[in-house]
Amino acid sequence: MSKVTVVIITLMLAIVGSFCKAENLSENTESLAKTVCGACHGSDGNSALSMNPIIAQQHSDYIYKQLMNFQSGKRQNAIMMGIASGLSEKNISELSIYFSAFKAKTVGVQNISLAEVGEKIYRVGIRDRKIPACGSCHLPNGAGIPGQFPRLAGQYSQYTANQLNYFKSGARKNDKGAVMRTIASRMTEKEIGAVAEYISGLN
Ligand code: HEC
Ligand code: HEC
């Protein structure tokens, strides 16, 4: 065999090998997603219970950041810190892409008059108290912008309100530049409840 042939065969084997590896890892990730994450978030990321957030269709970079933050303790939650501690960086990266690819359901508004109060905050903010329109970053339809602002649309109002209250109290502090802590600290609990109700109906 010529030297060139040996080099070509070696390269081909390396490429085939890397595909096999990727496939094994994906299987591992898929079973993690279905058996572990799926038990709470639903196997397609559409959690059936309001106590667990919907993670389907969330931007993969945002899921990745949150899992890394749970792992390092930068974002605190007993359940998710425990789970994230057992994941490799590769698992986290693959799980983020996996769940972002499913279409999210919309929970839907339960209390229309409350959602109407929330709609005004979401769309225009409360100017004299320096509360900006949520839609200016998270977009009017709540889809967010990959790499910048998370998707909020259709989420359980209980989860959204919890996160806003955690930002307000400083219990959650993994937002760069304290952007969400600053905004939430200016909001009353009633306003938080109203905007969370409105967001649950977006899709
Ligand atoms: C025992 C239930 C449970 C399991 C299992 C679980 N989660 Fe969670 N997850 C939660 C809860 C509850 C929260 C909300 C935490 C909070 O309030 O901060 C959460 C939050 C998250 C978030 C943050 C969502 C956001 O919008 O910021 C991500 C991402 C996430 N989980 C991904 C996963 C992945 C991936 C797995 C599997 C490896 C998993 N979870 C397993 C219960 C669970
Ligand atoms: C200046 C831009 C900006 C504005 C305005 C803004 N947000 Fe955010 N928001 C962010 C960023 C950035 C994050 C991601 C924080 C992180 O990295 O964990 C975020 C995160 C969130 C989260 C957590 C989502 C999750 O799944 O964990 C909620 C809920 C939220 N924002 C609601 C709101 C609401 C309600 C308003 C309006 C009152 C609002 N935001 C206005 C930038 C903004």
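Are Tyr98 and Phe99 buried or exposed? Both residues are buried. The legends below treat a predicted model.

**Figure 1. The chain is built from nine helices and zero strands.** From the N terminus on, the elements run α-α-α-α-α-α-α-α-α. The chain has 203 residues, and buried residues make up 39% of them. Helix 1 spans 3-41, helix 2 spans 60-72 and helix 3 spans 78-85. Helix 4 covers residues 89-100. Helix 6 is the run 135-138, and helix 9 is the run 189-199. Helix 7 covers 157-169. Helix 8 covers 179-185. Domain 1 takes in 3-100, and domain 2 takes in 112-199.

**Figure 2. Ring pairs link Tyr98, Phe99 and Phe102 into a cluster.** The count for the model comes to four aromatic pairs. One of them joins Tyr98 and Phe99 edge-to-face, with 5.2 Å from centre to centre and 90° between the planes. Tyr98 also pairs with Phe102. That pair is edge-to-face too, at 5.3 Å centre to centre and 75° between the planes. Tyr98 and Phe99 are both buried. Phe102 has a relative accessible area of 27%, so this residue is partly exposed.

**Figure 3. Ligand 1 sits in a shell of 23 residues.** The closest are Cys37, Cys40, His41, Arg75 and Met80. By class, the shell holds 17 nonpolar residues, five polar ones and one charged one. Helix 1, helix 2, helix 3 and helix 7 each supply at least two residues. Helix 2 gives the most, with five. Both domains take part: domain 1 and domain 2 each provide at least three residues of the shell.

**Figure 4. Three side chains place polar atoms beside ligand 1: His41, Tyr159 and Gln163.** In the side chain of His41, an N or O atom is 2.8 Å from a nitrogen atom of ligand 1. Tyr159 has a polar side-chain atom 2.9 Å from an oxygen atom of the ligand. For Gln163, the distance from a polar side-chain atom to an oxygen atom of ligand 1 is 3.1 Å. Where do Tyr159 and Gln163 come in the chain? Helix 7, which supplies at least two residues of this shell, runs over 157-169.

**Figure 5. Ligand 2 is surrounded by 26 residues.** Tyr62, Cys134, Cys137, His138 and Met180 are the closest. The shell divides into 17 nonpolar, six polar and three charged residues. Helix 2, helix 6, helix 7, helix 8 and helix 9 each contribute at least two residues. Helix 7 gives the most, with four. At least three residues come from domain 1, and at least three from domain 2.

**Figure 6. Gln66, His138 and Arg172 bring polar side-chain atoms to ligand 2.** A polar side-chain atom of Gln66 is 3.0 Å from an oxygen atom of the ligand. The partner of His138 is a nitrogen atom of ligand 2, at 2.8 Å from a polar atom of the side chain. Arg172 faces an oxygen atom of ligand 2, again through a polar side-chain atom, at 2.8 Å.

**Figure 7. Cysteines appear by both ligands, yet the whole structure has zero disulfides.** Cys37 and Cys40 are among the residues closest to ligand 1. Cys134 and Cys137 are among those closest to ligand 2. Cys40 is partly exposed because its relative accessible area is 36%. Cys134 counts as buried because its relative accessibility is 19%, under the 20% cut-off.

**Figure 8. Asp175 lies in the loop between helix 7 and helix 8.** Its side chain reaches the backbone nitrogen of Met180 at 2.8 Å. Met180 is also one of the residues closest to ligand 2. Asp175 has 9% relative accessibility and therefore counts as buried.

**Figure 9. Asn91 belongs to helix 4.** Asn91 is buried because its relative accessible area is 9%, under the cut-off of 20%. Asn91 and Ser26 are 65 residues apart in sequence. In space, the two are 8.5 Å apart, C-alpha to C-alpha.

Terms used: Residues are numbered from 1 along each chain as its sequence is written. Chains are lettered from A and ligands numbered from 1 in the order in which they are written. This is a predicted model: local features need pLDDT of at least 70, side-chain atom pairs count only at pLDDT 80 or more; totals for chains, interfaces and linings use all residues. Side-chain values use heavy atoms; hydrogens and water are left out. Rings of Phe, Tyr and Trp (its six-membered ring) pair if their centres lie within 6.5 Å; planes under 30 degrees apart count as stacked, over 60 as edge-to-face and the rest as tilted. Buried means under 20% relative accessible area, exposed over 50%, partly exposed in between (1.4 Å probe, protein chains only). A residue is near a molecule or strand if one of its heavy atoms lies within 4 Å of it. A polar contact is a pair of N or O atoms within 3.5 Å; within protein, one must be able to donate a hydrogen and the other to accept it, and residues adjacent in sequence count only if both atoms are side-chain atoms. Ala, Val, Leu, Ile, Met, Phe, Trp, Tyr, Cys and Pro count as nonpolar, Asp, Glu, Lys and Arg as charged, and the others, Gly among them, as polar. Domain bounds come from an automatic or database domain assignment. A disulfide is a pair of cysteine sulfur atoms within 2.5 Å.
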